[in-house]
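Subject: Structure handover and notes

Dear colleague,

I am passing on the structure we spoke about, with my notes following it. Please read the notes with the coordinates open beside you.

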Amino acid sequence: MSQSETPLFSGLLAHAKKNPVQFHIPGHKKGTGIDPEFREYIGDNALAIDLINIGPLDDLHQPKGIIKAAQDLAAEAFGADRTFFSVQGTSGAIMTMVMAVCGPGEKIIVPRNVHKSVMSAIVFSGATPIFIHPEIDKDLGISHGITTESVTRALEQHPDAKGVLVINPTYFGISADLKKIVEIAHSYNVPVLVDEAHGVHIHFHDGLPLSAMQAGADLAATSVHKLGGSMTQSSILNMKGNLVSAKRVQSILSMLTTTSTSYLLLASLDVARKQLATRGKELIEQTIALAQSIRRQVNEIEHLYCVGEEVLETNAAFGFDPTKLIISVKELGLSGFEVEVWLRENFNIEVEMSDLYNILCIITPGDTEKEADILIHALQVLSTERHSKPQKLEAQVLLPDIPVLALSPRDAFYAETELVPFDDSEGRIIAEFIMVYPPGIPIFIPGEIITEDNLLYIKTNMEAGLPVQGPEDYDFKYLRVIKEHRAIR
């Protein structure tokens, strides 16, 4: 088949045009049974193809027809041996990767700045995480990727690991030397799993870092919806080689996936693949040019700095995606979160994320000069407003040492627990996740010993207004910890 074809989307349209009488779910029956206001806004076309896995439309759990054809085209486009569509987002695909290689008590090597879905999968599987410290950018106050040296050391110490997980690229667009990491891991016969949530586009342009499949990785969970033009919650799982069983991957993905799969999401993956495969290079070229133009203009604004290729001069980065605009705002005397709020309230601008010292803006083929001009103008106004006020914030990298893992995350999560006051929790074993989301990097995972440094890190992020999430007590007055059984007197 040609990459210009869309077997899944075209099959849906053909079925809808037949206008069959539907005695099956969904209950809105092509929109006639849905709220009229919602129907008017969404439109009849979308509702007409909001269907389920009836015979003519194939079944994501055991694809043989139009879904299989669409997945095969995606595999060809991404240079994979197999591609699986996910309607559970990249989180579902990431959990599938981890659970496909790890069982109870088995080890997996992961960077500490992994997404929360990785740690959720570790709890589900009963695996034990072996953490690698990501490289730290002390000027920006953020963490980047892992080095080949750290992967080598981890495998030397844990040659029995069942997998190495790599983030490529990171949320901030920084890539590791993925090809070399794959070579190192494969020398131990260990598969490489790639969290490629923020890198669907890199496969389609030679000027961007290597994609997971280009680097020879075994599995890669890729968010097509983030940067590739599909609908939110639609992603793919690419697979290469024979270190991992394709049948096991399909089985686990099916276990984690709803049986009521959304054909709107699936169809959007099909058409997004078509666009990337047939026009990706052209569209991404335009996107890179727009991002570089914004970067140059931001760097002409007083008190602001937008990171460029100079980041490659550090040990923290091997590759760089210029479509991610990391804008350091610390010289304004404001936190990234304060700038995010200011842009929202004054110019109706929403950024991708903010942290203590930066805001992150992502540029995609959906952006134009119009949006770029609005952002530049807003930042110029902010800089002028702060001209007489800035007191430069000194970036203090507060990322504390990784806490000691006293219990496996699964054992801690399911243990007998109790709530203790936040300020009295030091030294106890935590039984819940705590993370800053986005990007979802864990501060604590179940089973770790609570340290004073990590408690301070939580407080610092909360005081800055950043979205610290995870504990059942949203106010952070209490943390859930493993219950201590004291001797009976």
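Glu416 is partly exposed, because its relative accessible area is 46%, and please keep in mind throughout that this is a predicted model. The partner of Glu416 is Lys483, with which it forms a salt bridge whose closest N and O atoms are 3.7 Å apart. This pair links distant parts of the chain, since Lys483 sits in the segment after strand E20 (478-482) while Glu416 sits in the loop between helix H14 (409-413) and strand E16 (417-421), 67 residues apart. Lys483 is likewise classed as partly exposed, because its relative accessible area is 35%.

The structure holds 14 salt bridges, and a few others deserve a look. Salt bridges that share partners join Glu340, Arg344 and Glu350 into one network. In another pair, the side chains of Lys324 and Asp321 meet at 3.6 Å, N to O, and both Lys324 and Asp321 are buried. Asp270 and Arg273 also form a salt bridge, with 2.9 Å between the closest N and O atoms, and these two residues are both buried as well. Because Asp270 and Arg273 are 3 residues apart in helix H11 (residues 263-298), about one helical turn separates them.

That last pair also leads to the start of the chain, where Thr6 is found in the segment before helix H1 (7-18). Setting aside its neighbours within four places in sequence, Thr6 is in contact with Gly11, Asp270, Val271, Arg273 and Lys274, so that both partners of the salt bridge between Asp270 and Arg273 are among the residues it touches. Thr6 counts as buried because its relative accessibility is 10%.

Tyr41, which lies in helix H2 (residues 36-42), counts as exposed because its relative accessibility is 74%. The C-alpha atoms of Tyr41 and Ile202 are separated by 34 Å, the two residues being 161 residues apart along the chain.

Turning to the nonpolar interior, the largest nonpolar core has 35 residues, of which Met97, Val118, Leu165, Leu219, Leu237 and Val249 touch the most other members. Several elements each supply at least two residues of this core, including helix H5 (89-101), helix H6 (116-125), helix H10 (246-256), strand E2 (107-111) and strand E6 (164-167). The largest share, 8 residues, comes from H5. For Val118, the contacts beyond its neighbours within four places in sequence are Ile94, Val98, Val110 and Leu165. There is also a second, separate core of 32 residues, which includes Ile66, Val200, Leu265 and Leu276.

Finally, I would draw your attention to Asp355, which is placed in the loop between strand E14 (353-354) and strand E15 (358-362). What is the nearest side chain of opposite charge to Asp355, and how far away is it? It is Lys330, at 10 Å, and Asp355, although buried, has no salt bridge. A polar atom of the Asp355 side chain does, however, lie 2.9 Å from the backbone nitrogen of Tyr357. Leaving out its neighbours within four places in sequence, Asp355 is in contact with Ile142, Phe172, Ser335, Gly336, Phe337 and Leu466.

With best wishes

Definitions and conventions. Residues numbered from 1 in each chain as written. Predicted model: local features only at pLDDT ≥ 70, side-chain atom pairs only at ≥ 80, totals over all residues. Heavy atoms only, no water. Helix = DSSP H or I, 4+ residues; strand = E, 2+ residues; numbered from the N terminus. Buried < 20%, exposed > 50% of the residue type's maximum accessible area, 1.4 Å probe, protein only. Lys, Arg positive; Asp, Glu negative; His and termini not counted. Salt bridge = Lys/Arg side-chain N within 4 Å of Asp/Glu carboxyl O. Polar contact = N/O pair within 3.5 Å; in protein donor to acceptor, adjacent residues only side chain to side chain. Contact = heavy atoms within 4.5 Å. Core = buried A, V, L, I, M, F, W, Y, C linked by side-chain atoms within 4.5 Å.
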